[in-house]
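Student: I would like to go through the side-chain contacts of this protein one at a time. Could we take them as short questions with reasoned answers?

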Amino acid sequence: MERRLLFSSKLLLLGEHAIVIGSKGFAIPYPHYGGQWIYETPIQPEDFNSKESLKQFADYIQHKSPTQKPFQSIDIQRFKSKIDSGLYFKSNIPQGYGLGSSGALCAGVVYEFGKPDMISDMDLNELRHLFALLESHFHGSSSGVDPLICYLNKPLLLLSRSEAEVVSLPEFSGENGVIFLLDTGIQRKTGPLVNLFLERCENPDYRRLIDEQLNPFNESAVISFLVNDIPAFEEAWLAISQFQLEHFKPMIPEGFERIWQKGLESGEFYLKICGAGGGGYFLGYAPKIDNGTANLPDGTLVVMEV
């Protein structure tokens, strides 16, 4: 019998790059991938879920606890004891794809080893702060959004770099189009790509493009999606796709520009970066044409019908 994947991966549906400079974003749990605590020898010993890596994570939490109060909400001794007993976080979330592989693990730690009296007293932003501190072990810095979504297992509207609120997905008819993932087959690291974007934003002309074009497109996509205005959502997604193809070339792996351009020219699908870009998945939207789904690129994975 297949094991239940308790902590879903996450998907930043809207707001890639724009959220780091204060624009809105929207993220959802993505249960196609996930992880759970089990007692089992890991298949890949080098994986960050392995016993040695979990022990390093526990040591990190213990080292930070005396000086940073949020870490004190973790029962570190019980965590360490369970690791020694063979506890393992089994996950099928691909690493280097921006789907929250480390976020799911951090969510699992708080869910399983968080002290209930302390965790229950935290509001949404305090939880996000705790998760940011925990996930910094893996990335050097973190917004805390990924593990927060994995922990709550609910969609989040990201209002700013420090504010978020839980929202509900609209009831889609499934007759307007599909949102899908396209696998590039390339692992990437988030930090360097985000830093590149921030460096480019130091150029006044580039920042003006972001503020006057990308951010309005992005905010329109978020708002129209949440109110189920599919024509406005499609228009905004198309504008983001065209903008990114022209201005985000370093985030598009070699060979994928042709697929991206083909979708735009045919009108069958519109690609955009998923998360940091540079590899992992692309996100796409395909209108349904002639009572059927448009021809999607090979290797696509449908996320939802709208």
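Tutor: The model is predicted, and the turns below cover aromatic pairs, the nonpolar core and salt bridges.

Student: How many aromatic pairs are there?

Tutor: A pair of aromatic rings is described by the distance of the centres and the angle of the planes. Ring centres within 6.5 Å count as a pair. By this rule the count comes to 24.

Student: Are the planes of Phe57 and Phe79 stacked, tilted or edge-to-face?

Tutor: The ring centres of Phe57 and Phe79 are 6.5 Å apart, and their planes stand at 90°. Planes over 60 degrees apart fall in one class. Because the angle is 90°, the pair is edge-to-face.

Student: How many residues apart in sequence are the parts that Phe57 and Phe79 tie together?

Tutor: Phe57 belongs to helix α1 (residues 51–64), and Phe79 belongs to helix α2 (residues 76–84). Phe57 is buried at 0% relative accessible area, and Phe79 is buried at 0% as well. The pair therefore ties together parts whose separation in sequence, in residues, is 22.

Student: Which residues join Phe57 and Phe79 in one aromatic cluster?

Tutor: Phe57 and Phe79 are members of one aromatic cluster. The other members are Phe7, Trp37, Phe89, Tyr111, Phe113 and Phe138.

Student: Which residues does Ile61 touch, leaving out those up to four places away in sequence?

Tutor: Ile61 is among the residues with the most contacts inside the largest nonpolar core, which has 95 residues. Another of these is Phe79. With sequence neighbours up to four places away not counted, Ile61 touches Phe71, Ile74, Ile76, Phe79, Val109 and Leu134.

Student: Is Lys10 buried or exposed?

Tutor: The side chain of Lys10 forms a salt bridge with that of Asp146, at 3.3 Å from N to O. Lys10 is in strand β1 (residues 7–14) and Asp146 in helix α6 (residues 145–152), 136 residues apart. The relative accessibility of Lys10 is 6%, and the cut-off is under 20%, so Lys10 counts as buried.

Student: Which residue forms a salt bridge with Glu16?

Tutor: Glu16 lies in the loop between β1 and β2 (25–39), and its partner is in strand β7 (residues 270–273), so the pair ties together parts 256 residues apart in sequence. Both residues are buried. The partner's charged end also sits over the ring of Trp237, 4.8 Å from the ring centre. The closest N and O atoms of the salt bridge are 2.7 Å apart, and the partner is Lys272.

Methods
Residues numbered from 1 in each chain as written. Predicted model: local features only at pLDDT ≥ 70, side-chain atom pairs only at ≥ 80, totals over all residues. Heavy atoms only, no water. Phe/Tyr/Trp six-rings, centres within 6.5 Å; stacked < 30°, edge-to-face > 60°. Helix = DSSP H or I, 4+ residues; strand = E, 2+ residues; numbered from the N terminus. Buried < 20%, exposed > 50% of the residue type's maximum accessible area, 1.4 Å probe, protein only. Lys NZ or Arg CZ within 6 Å of the ring centre and 35° of its normal. Core = buried A, V, L, I, M, F, W, Y, C linked by side-chain atoms within 4.5 Å. Contact = heavy atoms within 4.5 Å. Salt bridge = Lys/Arg side-chain N within 4 Å of Asp/Glu carboxyl O.
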